[in-house]
Amino acid sequence: MAVDVKKSAKDKGPEAGDRISAKEYDKELARLHVELVKLQQWVVHTGAKVCIVFEGRDGAGKGGTIKAITERVSPRIFRVVALPAPTEREKTQMYVQRYLPHFPAAGEVVIFDRSWYNRAGVERVMGFCTEDQAHAFLKSTPLIERAMIGSGIILIKYWLEVSEEEQTRRLEARITDERKTWKLTGMDLKSYSRWYDYSRARDEMFAATDTELAPWFVARSDNKRRARLNIISHLLSRIPYESIPREKVSLPKRQKAGNYRDPNYPFKYVPEQF
C-alpha cells in the first residue's frame with residue numbers, strides 16, 4: 001500500500017502562508033501537552049511500549065516536532081534516539097543490530113529522529129550502501145517491523161514532506177542565522193542538489209514498507225506550527241490510552257525554622273543583568 005504524497009487541490013488543506021497565530025498555536029499545544037502527559041501516565045501504568053519513527057527530507061521539521069512532543073513530558077519515559085554515523089565495528093554488524101538496543105521496554109516511548117530507514121534514504125542516495133544492500137533492506141524491513149509489533153510494540157511512522165521552496169528557505173536560514181548554523185552539515189549541502197534522487201528513494205521506500213500493519217503517515221510540514229499540532233493530534237489518536245485516576249495531592253506542612261539561621265556566607269550570585 002503506497003502513500004501518495006501528491007494531493008489534489010481540494011485535499012491540500014491550509015497553505016504554508018495560512019499562518020496560525022502564536023496565541024492559537026500555544027493554546028492548542030498546551031491542550032495537547034495535557035493529553036501527552038495522560039499518555040505518559042498510561043504507558044507507565046500499563047507497561048505499554050511505543051516506538052515513533054520520524055523521517056523526511058533535510059529541513060522538514062523533524063527536530064522541532066519532536067521537541068514539541070517532548071517538552072512537557074519526562075525524558076526518562078519519552079526517550080529520543082538520534083544515532084550518529086556508525087562506527088567501524090557497527091558497519092560490520094547486521095544492519096538493524098545497532099538500533100535494537102534502543103527499542104522501547106515496558107513503560108517507555110522511544111522517538112527515533114531518523115532511524116533504520118537511513119538505509120532507504122541518505123545511505124542509498126549518497127552511495128553509503130550498495131543497491132543490493134538497499135533492496136535487501138526494503139525486503140526485510142516489513143518482516144522486522146512485523147516482529148516488533150508481534151512483541152507488543154506500538155509502531156508509528158511519520159514522513160514529514162516539505163516543498164522545494166520551503167526547504168531552500170530553511171536551509172538558507174541555517175547559513176545566515178547564527179542560532180541555526182550548527183544544523184547545517186556538509187551532508188545537507190551534498191544532499192540538497194539531489195531532490196529527485198531522494199524522491200525516487202522515498203517512493204520505493206513507501207512501496208516496500210508502507211504496510212497495513214506498519215503504515216507510513218505523511219505530514220505536510222511547510223507550515224511548522226500546523227504540522228506539529230496535526231502530528232501530535234494524530235499520534236494521540238493512534239494509541240488507545242486512557243486517563244489514569246490520580247490520588248488527590250496536597251503539599252505537607254513545611255517544618256519550622258527552629259534554631260536554623262541564614263548563614264553569613266559570601267554567596268557568589270549570578271549577575272542579574274535582566
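## Exercises on a five-stranded sheet

Across the sheet, Glu-55 faces Trp-159 of β4. Here strands are DSSP runs of E with at least two residues, helices are runs of H or I with at least four, and numbering starts at the N terminus. This is a predicted model, in which local features need pLDDT of at least 70 and side-chain atom pairs count only at pLDDT 80 or more, while totals for chains, interfaces and linings use all residues. Residues are numbered from 1 along each chain as its sequence is written, and side-chain values use heavy atoms, with hydrogens and water left out.

### Exercise 1: Build the sheet

Work out the strand order of the open sheet and find which strands stand at its edges.

*Solution.*
- Step 1. Start from the inventory: the protein chain has eight helices and five strands, arranged along the sequence as α-β-α-β-β-α-α-β-α-α-α-β-α.
- Step 2. Take β1 (residues 49-56) and β4 (residues 153-161), which are joined in parallel by eight bridges; strands count as paired when DSSP finds at least two bridges between them. Within this pair, Lys-49 lies opposite Ile-153.
- Step 3. Move on to β5, which runs parallel to β4 and is joined to it by five bridges. Trp-159 turns up again here, opposite Val-218 of β5.
- Step 4. Put the order together: β2-β3-β1-β4-β5, with parallel pairing. The edges belong to β2 (78-81) and β5 (216-220); each has a single partner strand, so one side of each lacks a neighbour in the sheet. From one strand to the next, the twist averages 20 degrees.

### Exercise 2: Add helices and find the cover

Which strands do α1 and α7 touch, and what covers the buried residues of α2?

*Solution.*
- Step 1. Place α1 (residues 22-46) on the sheet, where this helix touches β1, β2 and β3 (108-113) and its direction makes about 100 degrees with that of β2. Contact means heavy atoms within 4.5 Å; angles run from 0 to 180 degrees between N-to-C directions, with axes fitted to C-alpha atoms, for helices over the stretch in contact.
- Step 2. Place α7 (residues 195-209), which packs on the sheet against β4 and β5, at about 155 degrees to the direction of β4.
- Step 3. Look at burial, with buried as under 20% relative accessible area, exposed as over 50% and partly exposed in between (1.4 Å probe, protein chains only). In β4, eight of nine residues are buried.
- Step 4. Turn to α2 (residues 62-70), whose buried residues include Ile-66, Ala-68 and Ile-69. Their cover includes α1, β1, β2, β3, β4 and α8 (224-237).
- Step 5. Zoom out to the chain: 41% of its 274 residues count as buried.

### Exercise 3: Two loop residues

Are Lys-91 and Arg-114 buried, partly exposed or exposed, and what is the phi of Arg-114?

*Solution.*
- Step 1. Locate Lys-91 in the loop between β2 and β3. Its relative accessibility is 52%, so Lys-91 counts as exposed.
- Step 2. Check a distance: Lys-91 and Glu-212 are separated by 121 residues in sequence and by 31 Å in space, C-alpha to C-alpha.
- Step 3. Locate Arg-114 in the loop between β3 and α3 (122-125). Its relative accessibility is 25%, so Arg-114 counts as partly exposed.
- Step 4. Read the backbone: Arg-114 is not a glycine, yet its phi is positive, at about 70 degrees. Most residues other than glycine have a negative phi.
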